Amino acid sequence: MKPGTYISQPNTSLRLYAVVFMLFIYLPLLILPVFSFNSGLYVRFPLEGFTFNWYLALLNREPVFAALGNSIRVGLTVSILSTVIAVFAAKAIARNRLPGSGPIVGVIMLPLVVPGIIFGVALLVLMSRLGVPLSLYTVTLGHIVVCLPFAIATLLPRFEGFDLSMEEASADLGENGWITFWRITFPIVAPGIVASLLMCFTISFDEFIMAFFLGGTHATLPMYIWGQLRFPTQFPSMLALSSLIILTSFIVIFLSLWIGRIGLPKSAQSGIFK
Amino acid sequence: MHSDAPFVADRSAARPRTGWIGRLLFRHEHLRGYGLLAPALIVTGLTVLVPCAMLVMLSFWTQVGYDYDTSLSLQNYQTAYEKPIYAALLQRSLWISGMATIVTVLLCYPMAYYVAFHVHRHKMIWIILITLPFWTSYLLRVFAWKVILGYEGVINSGLMHLGLITEPLRFLLYSTTAVSITLAHSWAAFAILPIYVSLEKIDKSYLEAAADLGDGPVLRFLRITLPLSLPGVIASVFLMFIPTLGDYVTPAMVGGPDSTMIGTLIQLQFGSVNNWPMGAALSVILVIIICLLGLCSFGLTRMFQRWAA
């Protein structure tokens, strides 16, 4: 349908609503950076002077860097493991019409809707019964649970919108399964893989509830922030730290969503909510 | 695909294989498929199914001092049933996240409608922009609302600075209002997408046909757009209601004593109260409620689909 036909005339009030809606979505997140440059200790109007001090103060804090290091290590491990597992799973789901794959996919996708607290306490119970001490490894395990559905959902459209004749041509020309995978399948699904890596890293980097239950005394960045929020005097530094995290997430996720859609047919672009 | 055995045999002739494992794997497409799925299945089994089974088992045990009485009993469930506090908290959780969900879905519908019908170029950018905040840290989004709604926070100090109020509005932070607003903001993207997808799928020729037959915009919306988008609306209600039901962070950070939810209670049992079996029982109850709601939404979707068809 062309714009401006008699069905959908430009609707000013609806457009105004859309603008207000976007403001409601973005303003709260912009409040954090705005006040992170405010020299006053309290987050309130009127704004006082402009300062970089809260950011500079972060540099002298050892725990911040320790937590950052933990988050990055967990995030990298989680994103690589989830994506590798998801590549195989997505290929199987899209290609091999497996009996019983519906319920299997359902179970794998459960963490998308079931509250995180359930899986958090369930893993906590298992670890304590097995006598496994809580550590960054248990956090990693918990994050894989959370990330796997997103990784599969990102990769699935890649395999579904795939021209099978290319693989068949490669096979007909005498290549074996692995070479076909590396030379044909991999390059085509590569944007999906990059998108999945970026997305899983961000989800893990930002995830709080699993880390809260499974981290023990090993703090990731969100756990560190959670601990500091009890002290109102820490608010400004936490505003600065939060602003940096939000900015990083924005950039990484934007790249992920963008790369994830490259070369996909329009119909597949709504991603996980198809 | 056992049924097209000749076809499979044909292809394997074109692609000679060495070794019996290779031949077996090639012949049995299903086997290969399960092989590819195996890592995901093992991980899901070990991190989701086994722990959940443990959780269910633990819920039938009882806490005795620092130890568990491992004889199976329904005592935790009985306590949850008998003590009014549990039922009250559960009811409140349903109420708070139900209200937040309904308000959010109502607010999201026009936005999804706008993008589906009134945006003609760069739809993808719009969708990315709407979903972007959803991917940033949940904890930080809640933190932002704490800063905004606080007693001396952005709204109160702003309004006082402008001279509109003389003393801070108390109902803003540590209240059910705060929890609802925060949940609505946090899950808006999750609620928009299913509605958008269902609106986007609507065949525009139906609308043109209705217009040709003399229906005005309101009738067109009520008779075509709304019914056809209802499955998306149901999906978005479900997708937001379920996760918010067990939310812990929001009530803990911006909620007050009157907005404690079931997630808070579960955390307490595993934390300071240190009655893990009770916490497990509460988790199981929450999961059962979620399953029932899931069945409801599935049934409703089916009903609407049949009705629309």
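## A tour of chain A, its contact with chain B, and two loops

From the N terminus onward, the elements of chain A run α-α-α-α-α-α-α-α-α-α-α. What is on screen is a predicted model, and a good way to begin is to select chain A alone, whose secondary structure amounts to 11 helices and zero strands. With that chain in view, turn it along its principal axes, where its C-alpha atoms fill a box of roughly 70 × 65 × 30 Å. Colouring by burial will show that 44% of the 274 residues of chain A count as buried. If you then draw the contacts in chain A between residues at least 6 apart in sequence, 77% of them join residues at least 24 apart.

Next, bring chain B back and select the residues where the two chains touch, a contact that takes 75 residues from chain A and 80 residues from chain B. On the side of chain B that touches chain A, helix α3 (residues 29–59) gives the most, with 20 residues. Colour that side of chain B by class, and you will find 54 nonpolar, 18 polar and eight charged residues.

Now select helix α6 of chain B, residues 123–135. Its 13 residues should span 18 Å at 1.5 Å a residue, and the distance between its end C-alpha atoms is 19 Å, which agrees. Within this helix, pick out B:I127, B:I130, B:P133 and B:W135, which are its buried residues. Which elements cover them? Both chains take part: the cover includes α1 (12–36), α8 (177–206) and α11 (235–261) of chain A, together with α5 (84–118) and α9 (176–201) of chain B.

From there, step back to B:H122, which sits in the loop between α5 and α6 of chain B. Is B:H122 buried or exposed? Only 12 or fewer other C-beta atoms within 10 Å are allowed for an exposed residue, and B:H122 is therefore exposed, with 10 of them within that distance. Its backbone also deserves a look, since phi of B:H122 is near 55°, a positive value in a residue other than glycine. Most residues other than glycine have a negative phi.

The last stop is B:N274, found in the loop between α13 (262–270) and α14 (276–308) of chain B. Here too the residue is not glycine and phi has a positive value, near 55°. B:N274 has 12 C-beta neighbours inside 10 Å, so it counts as exposed.

Note on methods. Residues are numbered from 1 along each chain as its sequence is written. Chains are lettered from A and ligands numbered from 1 in the order in which they are written. This is a predicted model: local features need pLDDT of at least 70, side-chain atom pairs count only at pLDDT 80 or more; totals for chains, interfaces and linings use all residues. Helices (H or I, at least four residues) and strands (E, at least two) are DSSP runs, numbered from the N terminus. A residue is buried if 20 or more other C-beta atoms lie within 10 Å of its own, exposed if 12 or fewer, and partly exposed in between; C-beta atoms are placed from the backbone. Two residues are in contact if their C-beta atoms, placed from the backbone, lie within 7 Å. The expected span of a helix is 1.5 Å times one less than its number of residues. Ala, Val, Leu, Ile, Met, Phe, Trp, Tyr, Cys and Pro count as nonpolar, Asp, Glu, Lys and Arg as charged, and the others, Gly among them, as polar.
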